[in-house]
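User: Could you take a close look at one part of this model for me, the second helix and the loop that comes after? I'd like the local picture first, and then how that part sits in the chain as a whole.

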Amino acid sequence: MKTENKTNKAEVKTVAKVEEKTVTAKPGRPVNLNSARQKRLKELAEKRINGELKRGRPVNENSARQKRLVELEAKAKANGGIIKRGRPVNENSARQKRLAELEAKAKANGGTVKRGRPAKKTETQDTVTA
């Protein structure tokens with residue numbers, strides 16, 4: 001019998017951890033904080049925070065539209081907050097009378113009114129086929 005002499009060699013691996021720093025570059029041109037545009041943007045941001053920034057077209061208080069709006073607002077205050085516009089309703093017209101009748105029918109019928117012509121009742125005959 002032959003005896004084999006086997007030796008298990010344990011290989012020791014040393015792993016050196018290398019810390020990698022990830023550098024992320026900002027795309028585009030670098031910002032110059034001393035440029036006129038950046039200064040203006042900074043001022044606008046400060047005004048926006050303070051509530052001093054005016055946006056849009058300025059209102060001309062002497063224009064015809066603004067005068068009309070002031071008059072309408074005064075009318076609304078005098079009338080309890082309601083401005084009536086358009087043609088007034090004539091309660092004695094045929095249409096208003098018909099609408100009042102339909103509304104009365106709806107109240108009596110639980111809120112619904114049957115529309116259209118009443119259905120004709122037909123007698124059905126049962127036929128037996130042999």
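Analyst: Let's start right where the second helix stops. α2 is followed by G80, and the phi of this glycine is positive, near 80°. Keep in mind that this is a predicted model, so the angle is a computed one.

Now back up into the helix itself. α2 has 15 residues, which at 1.5 Å a residue should span 21 Å; the end C-alpha atoms of α2 are 21 Å apart, so the two values agree.

Next, the loop. Between α2 (64–78) and α3 (94–108) you'll find I83. Is I83 buried, exposed or something in between? The relative accessible area of I83 is 35%, so this isoleucine counts as partly exposed. I83 also has company: together with L69 and L72, I83 forms a nonpolar patch on the surface. The accessible area of L69, L72 and I83 together is about 200 Å². On the helix side of that patch, a bit of general geometry is handy: an α-helix has 3.6 residues a turn, so residues three or four places apart point the same way.

How do the neighbours look? Just after α1, G51 takes a positive phi of about 80°, and α3 is followed by G110, with a positive phi near 85°. As for length, α1 (residues 36–50) has 15 residues and reaches 21 Å from its first C-alpha to its last, close to the 21 Å expected. For α3, 15 residues should span 21 Å at 1.5 Å a residue, and its end C-alpha atoms are 21 Å apart, so that agrees.

Zooming out, the protein chain has 3 helices and 0 strands, running α-α-α from the N terminus on. Of its 130 residues, 2% count as buried. The chain exposes about 15,000 Å², with carbon and sulfur atoms supplying 50% of that area.

And confidence? The mean pLDDT of the chain is 83, with 81% of the residues at 70 or more. Confidence is highest in α1, at 94, and lowest in α3, at a mean of 92.

Terms used
Residues numbered from 1 in each chain as written. Predicted model: local features only at pLDDT ≥ 70, side-chain atom pairs only at ≥ 80, totals over all residues. Heavy atoms only, no water. Helix = DSSP H or I, 4+ residues; strand = E, 2+ residues; numbered from the N terminus. Expected span 1.5 Å × (residues − 1). Patch = residues over 30% accessible without salt bridge, like charges linked within 9 Å, V, L, I, M, F, W, Y side chains within 5 Å. Areas by Shrake-Rupley, 256 points an atom, 1.4 Å probe, with all protein chains shown as cover. Salt bridge = Lys/Arg side-chain N within 4 Å of Asp/Glu carboxyl O. Buried < 20%, exposed > 50% of the residue type's maximum accessible area, 1.4 Å probe, protein only. pLDDT = per-residue confidence, 0-100.
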